[in-house]
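Colleague: Could you show me how to read the metal sites in a model that I have not seen before?
Modeller: Gladly; let us look at it together.

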Amino acid sequence: MKFSVLASSSKGNSTWLESGDTALLVDAGCSCMALSQKIKAIGRSPSAISAICITHDHVDHVSALATVERKRQIPIYATGGTIDAVCASNPAAADWPWIDIAPGEDFQIGRFSVHPFSVPHDAADPVGFVFYDGIAKLGYATDLGEPTLTIRAALADCDALALEFNHEKRMLLESNRPWSLKQRISGRSGHLSNTQACELLVQVATGRLKALMPMHLSDECNTRDAALASARAALLEKGVPVSVLAQPAYPSPLMEIAPGESATAQ
Ligand SMILES: [Zn+2]
Ligand SMILES: [Zn+2]
């Protein structure tokens with residue numbers, strides 16, 4: 001399995017994932033042109049995309065869909081709540097090739113077996129995913145207010161984790177953001193702080209985990225260094241040697257996830 005984080009922040013989210021001749025996007029939340037440029041920058045072609053898996057309907061996760069689907073009808077896997085919410089804001093979306101999925105019910109896309117699981121977030125029926133290609137297992141969870149038993153069970157024993165490290169609590173509280181927004185972000189249906197992400201990480205990391213990608217970092221209320229330092233400290237405490245791949249810029253280089261090895265850039 002190979003992956004590249006094409007974009008990851010409140011301005012836009014998309015991750016490229018491939019195994020054999022199957023290529024997926026997880027979320028499509030940039031402009032279509034930016035997405036296309038990023039895919040070409042990692043040496044791949046947008047025409048290779050087999051399907052798109054959507055975590056939830058927030059604009060930073062779906063904004064490219066309208067243009068992508070106008071150009072080429074690519075199957076979109078999403079929960080009924082996500083489909084309804086996207087269609088409510090864009091009536092043309094009713095004609096897109098949606099495939100309705102349910103949390104807890106696994107499905108197959110080419111080489112990938114995909115496990116969707118519920119996450120607490122202020123969207124309609126949001127999910128995270130675990131992708132397994134018969135060799136390696138990647139857990140993907142961004143946009144979640146708090147770790148839950150369901151999330152801990154889903155993310156246990158992965159080879160790689162793409163996990164939200166949204167904000168540093170102190171920076172959020174000291175920011176100039178309105179109090180209501182601070183409450184929304186730090187609430188149980190908001191976003192994971194570095195501390196919460198580390199708690200979850202320590203609970204799910206096993207000797208199998210080789211790579212961690214801190215995701216969805218807030219520009220204003222987090223820094224790459226803070227996310228990296230907290231993740232490394234948590235992993236040191238747990239005693240598992242894991243590559244922490246926090247990118248200074250996106251897209252990240254295409255990485256191979258192989259069991260028993262740390263992820264390596266190509
Ligand atoms: Zn988001
Ligand atoms: Zn969101």
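Modeller: What follows is a short conversation about the metal sites. This is a predicted model, in which local features need pLDDT of at least 70 and side-chain atom pairs count only at pLDDT 80 or more, while totals for chains, interfaces and linings use all residues. Residues are numbered from 1 along each chain as its sequence is written, chains are lettered from A and ligands numbered from 1 in the order in which they are written, and side-chain values use heavy atoms, with hydrogens and water left out.

Colleague: Which residues coordinate the zinc ion (ligand 1)?
Modeller: Donors are N, O and S atoms within 2.8 Å of the metal (3.2 Å for Na, K and Ca), and sites may look incomplete because water is not among the atoms. Here Asp60 (OD), His61 (NE2), Asp143 (OD) and His216 (NE2) coordinate the zinc ion (ligand 1) at 2.1 to 2.2 Å.

Colleague: Which are the protein donors of the zinc ion (ligand 2)?
Modeller: They are His56 (NE2), His58 (ND1), His121 (NE2) and Asp143 (OD), at 2.2 to 2.5 Å. Asp143 coordinates both zinc ions, ligand 1 and ligand 2, which are 3.5 Å apart.

Colleague: Where in the chain do His58 and Asp143 lie?
Modeller: Helices (H or I, at least four residues) and strands (E, at least two) are DSSP runs, numbered from the N terminus. His58 is in the loop between strand 4 (51-53) and helix 2, whereas Asp143 is in the loop between strand 10 and helix 5, so that the pair links distant parts of the chain, 85 residues apart.

Colleague: Is Asp143 buried or exposed?
Modeller: Buried means under 20% relative accessible area, exposed over 50%, and partly exposed in between (1.4 Å probe, protein chains only). Asp143 is buried, with a relative accessible area of 1%, and His61 counts as buried at 0%.
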